[in-house]
Amino acid sequence: MNKKSGSLIVCLLIILQLNIYGLALEGDIIYNGDFKNDLDHWNLGGVDSYCTYDLIPGNDYNILKIDVFNKPEQLWNVQLLQEYKTSVNTDDLLLLNFNIKNPDNNLIVAVQDNGDPWEKYIWIDIQSSNTTEHYTIAFDGGLYNWDAEEVELCFFFGEKTSLFEISNISFKNLGPHIDINSLNPDMIYHPFFGIQNNSDNWRQPALERIEKIRKSPLTISCINQNNIPLEQVEITINQTKKYFPFGVAVAANLYGGRDYNPKYVEMVEKLFNMITIENHLKWKMIEGAYPSVDYVFDWAEEHKIPIHGHCLFWPSFHHCPDWLEEQSTEDIYESVISHVDNYSKEFKGQVVHWDVINEAITNDEIWELCGIQLLADCYLKAKENDPEALLMYNDNGLLINNPTKQDQVIELIRELQGRGAPIEGLGMQSHLGTPHIVTPENALKSLDKMSNLNLPIFITELDIGTEGHWDFQAEYIRDLLTALYSHESVHGIIQWGFWEGHHWRPDTALYTTDWTPRPAGLAFEEIMFNEWETHVTRITNQSGIVSEECFHGDFEITAKYDNNIITNTITVLQNETASLTVIIHTDNMPPSTPLINGPTNGKAGNRYEYSFSSSDPDDDNLSYTINWGDGTIEGWMGPYVSGEPISLNHTWAEKGSYPIHVKAKDIHSAESEWGTVEVSISNSKQKHRFSLMNLVDILYERHPILARIIEYFILKVRETDEQTLLFPPIKDSPIYEVNIDYYLNHSFQDLTNDIPRIAELGIHTMYILPIMETVYPDPDVAYLIKDHYVINPRFGNGDDLSTLVETAHTYNIRVLLDFVTSLAYEGSYIAEEHPEWILTDNNGEKQRYFFLRFQDQHFYGEKMIAMNYHCLMKCVMWHIIMSSVDLWVDHLFLGIIM
């Protein structure tokens, strides 16, 4: 035999050997996919314990038949797997083919690490089928650069007894630069996320359902004063509020106190129309819940944003106060009901929903101990105390295709309802990410199943983890929200956080820490404010009518015809037809563009007066609306006589350029054009720098005589410049000294409400106690300034203080904030050097504080002035400005240092 013949024989033997093992010569990632060599290279777990298997012979391939006869505790107890035999790169396109017959159970296809912690990189849920189905799945990218034997292809055979027939498995690496659509796969799997059916069978029906169930007709008729229809009227329909709840879980501590984050609060208001408090209403958090909870409820009430309450009872000891576990069974029962009783009473009328019970399937130790009636009694007590709140059951694992969990929840709810529990809604949490991702199609199937309870469904805790694949996160959130919004049983969608700076799963956030929107954030904004809001312009037909299908909510309707601009508002509700008739006086002329008179330059914190005037050609009375350019808008005011000026005051709090816009409209709703004036606001002169603070400190500590001379000249300047001051001189007016902690609710708001009564007493100076914690610590004192020089949240926040000061200024009352009065006690530096500066009561007794009731009036005169000059000049300026505390320093010195 020559060498050439010998080489040929060797090659033939190699090819024969490769064919024996069912290995294609190019691109195959696994061996023996046709099962011609039994289970060589495959590992079938659970044989004998949970399943048996058999091979059914075939011409081109054998069929692996798996009989799961014993219900597995976990789906991976019965699994078929094989390690990757060749390496793959992230640019490679992978193509998986297989046949499956699974009449009784779903099949899971996965790619996972071949060792602990068995991380899942691919998770595909294959629906059950009575016939053999062929699947072609394209993997858009190789996920990672994987070497051979690093990961494994797995088939999981579910969590219940069933039969499976799997065959003809082929897993190929097609390399890079392949057009994935040319493969015409049944599914395209993107890295780490769910599948998207290539035919998108779910999408068009979902979009049609959205049009049907989330919109209602709006009809607008335009006529003139003689009831004649007007053709060619331009009608603009702008939605100002949506009624379907798109909510978010918020961090209560970011709404006030030392962690106050105005940007966070602003974005919540911009993006969402419902909130739930993420943690602070949970029983275990109750000790640290206040005042953060109060901040959120006050804000929500002010902005008319409903609150979803989460949660009254999370029935495991881990999620309850530590002391609960130490109690007897009877006492545990009473403590739980007492907590539900107290919370449902405290927040009556302030929450629209309550997650009364949370995750009772997996957190069952307390109710298993006390009996299931404990859960029913929680609902009964909550309904007794707050009958208007929608009472819900909330749990996880319901949106993904998890039949076992779904059945458990349905059984539990029906059991509780049978015990009289008024369960009125279902919360499906929906924390998604590999491996628990769900396709839009399967999400709809899960909703179909859970809607058999005939309860409104809320998606309560939605977040989507994609491990850094931002483009697909955007695509997926758009698709999933579309599916959820399209299902008639879904009554609201609440995301579990949205900002990376405060999120339990930062990679799921819509916005990064610096508030840059991720692609998912941009996709969310697009569907929220463009696709799922109605903003259109239409022209009336010959009958003077415009008809439009509108998303449910509030609308501003603007009609333009010749010189007439008429604005109306209307609400479009579900299952109703909204109609509006606009009467346009065709012989009516709109008012002239308003004139604005007032200063075009000013200082932050100062109040300025402006006059506005417009004339109406028909001599109709006029109303005005004014936008001050800083977010403050005056609604339509009037009517006023045509041509008669109106005057208003305004204060800009910060430096900047502010355009004032004003518009007039007559009694027939004809509107003028906008009048505009630009106002430039600079920082107040009362702002002081560190060098000045240092100088003042040196003066008082080292050169008291020189300091007294400077103070003398300041007083002289005041005496000669009193005519220019906003307020009357201190020496001629009584001073009202007040300790806010003595008010019933300990709040700036209480004092703000009392200002009109204070002004009636002729008081022009209000002196607010108590002091700063760091200056004179005393556990019995509720300090105004505490915790790193922030306002004590017991009294309110910076906005509340600003409102107090601005309200006082409207009544010509100056406000002094005392942070260091306690230095003026007997034996102190002040007492030794300047005894005349110590405050005394009416009997001449020296006082560290004066706690005055409202009806008391005290005239401290020059002594009060002198003491406050010293405290403000030396101590307040040092502690406030040097500590970079924004406590409205302009207001602190207004009327004192000019």
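**Exercise 1. A salt bridge and its cover**

Is glutamate 211 buried or partly exposed? Classify glutamate 211 and then its salt-bridge partner.

*Solution.*
- Bear in mind that the model is predicted.
- Glutamate 211 has a relative accessible area of 41%. The buried class ends at 20% and the exposed class starts over 50%. Glutamate 211 is therefore partly exposed.
- The side chain of glutamate 211 meets that of lysine 215 in a salt bridge, 3.1 Å from N to O.
- Lysine 215 has 15% relative accessibility, so lysine 215 counts as buried.
- Side chains of opposite charge can pair when their charged atoms come close.

**Exercise 2. Two more salt bridges**

Find the partners of arginine 419 and aspartate 463, and describe the setting of each pair.

*Solution.*
- A search of the whole structure yields 14 salt bridges.
- One of them joins arginine 419 to glutamate 415, at 2.8 Å from N to O.
- Arginine 419 is partly exposed because its relative accessibility is 36%. Glutamate 415 is partly exposed too, with a relative accessible area of 36%.
- Aspartate 463 pairs with arginine 505 at 2.7 Å, N to O.
- Aspartate 463 belongs to strand S22 (residues 457-465), while arginine 505 sits in the loop between strand S23 (490-495) and helix H11 (519-531), so this salt bridge ties together parts 42 residues apart in sequence.
- Both aspartate 463 and arginine 505 are buried.

**Exercise 3. The negative patch**

Which elements give two or more residues to the negative patch? Locate Glu346 as well.

*Solution.*
- List the members. Glu266, Glu269, Asp294, Asp298, Glu301, Glu302, Glu346 and Asp799 form a patch of negative charge on the surface.
- Assign them to elements. Helix H3 (262-271) and helix H4 (292-303) each give two or more residues.
- Rank the contributions. H4 supplies the largest share, four residues.
- Place glutamate 346. This residue lies in helix H5 (residues 329-346).
- Check its cover. Glutamate 346 has 38% relative accessibility, so it counts as partly exposed. Patch members need over 30% relative accessible area.

**Exercise 4. Order in an open sheet**

Which strands stand at the edges of the sheet S1-S4-S9-S6-S7?

*Solution.*
- Read the order. Five strands make an open sheet, S1-S4-S9-S6-S7, with antiparallel pairing.
- Take the ends. Strand S1 (43-44) and strand S7 (120-126) each have a single partner strand, so one side of each has no neighbour in the sheet.
- Look inside the sheet. Strand S6 (residues 107-113) and strand S9 (residues 151-156) run antiparallel and are joined by six bridges.
- Fix the register. Alanine 110 faces cysteine 154 of S9.
- Strands of a sheet pair through backbone hydrogen bonds, either parallel or antiparallel.

**Exercise 5. Faces and partners of S36**

Which residues of strand S36 are on the covered face, and which on the uncovered one? Identify the strands that pair with S36, too.

*Solution.*
- In a regular strand the side chains alternate between the two faces of the sheet.
- Strand S36 spans residues 675-682. Gly675, Val677, Val679 and Ile681 make up its covered face. Thr676, Glu678, Ser680 and Ser682 make up the uncovered one.
- Strand S30 (residues 601-603) runs parallel to S36, with three bridges between them.
- Strand S35 (residues 656-666) runs antiparallel to S36, with seven bridges.
- Serine 680 ties the picture together. Asparagine 601 stands opposite serine 680, and serine 657 has serine 680 as its bridge partner.

Notes:
Residues numbered from 1 in each chain as written. Predicted model: local features only at pLDDT ≥ 70, side-chain atom pairs only at ≥ 80, totals over all residues. Heavy atoms only, no water. Patch = residues over 30% accessible without salt bridge, like charges linked within 9 Å, V, L, I, M, F, W, Y side chains within 5 Å. Areas by Shrake-Rupley, 256 points an atom, 1.4 Å probe, with all protein chains shown as cover. Salt bridge = Lys/Arg side-chain N within 4 Å of Asp/Glu carboxyl O. Lys, Arg positive; Asp, Glu negative; His and termini not counted. Charge placed at Lys NZ, Arg CZ, Asp CG, Glu CD. Buried < 20%, exposed > 50% of the residue type's maximum accessible area, 1.4 Å probe, protein only. Pairing = 2+ DSSP bridges.
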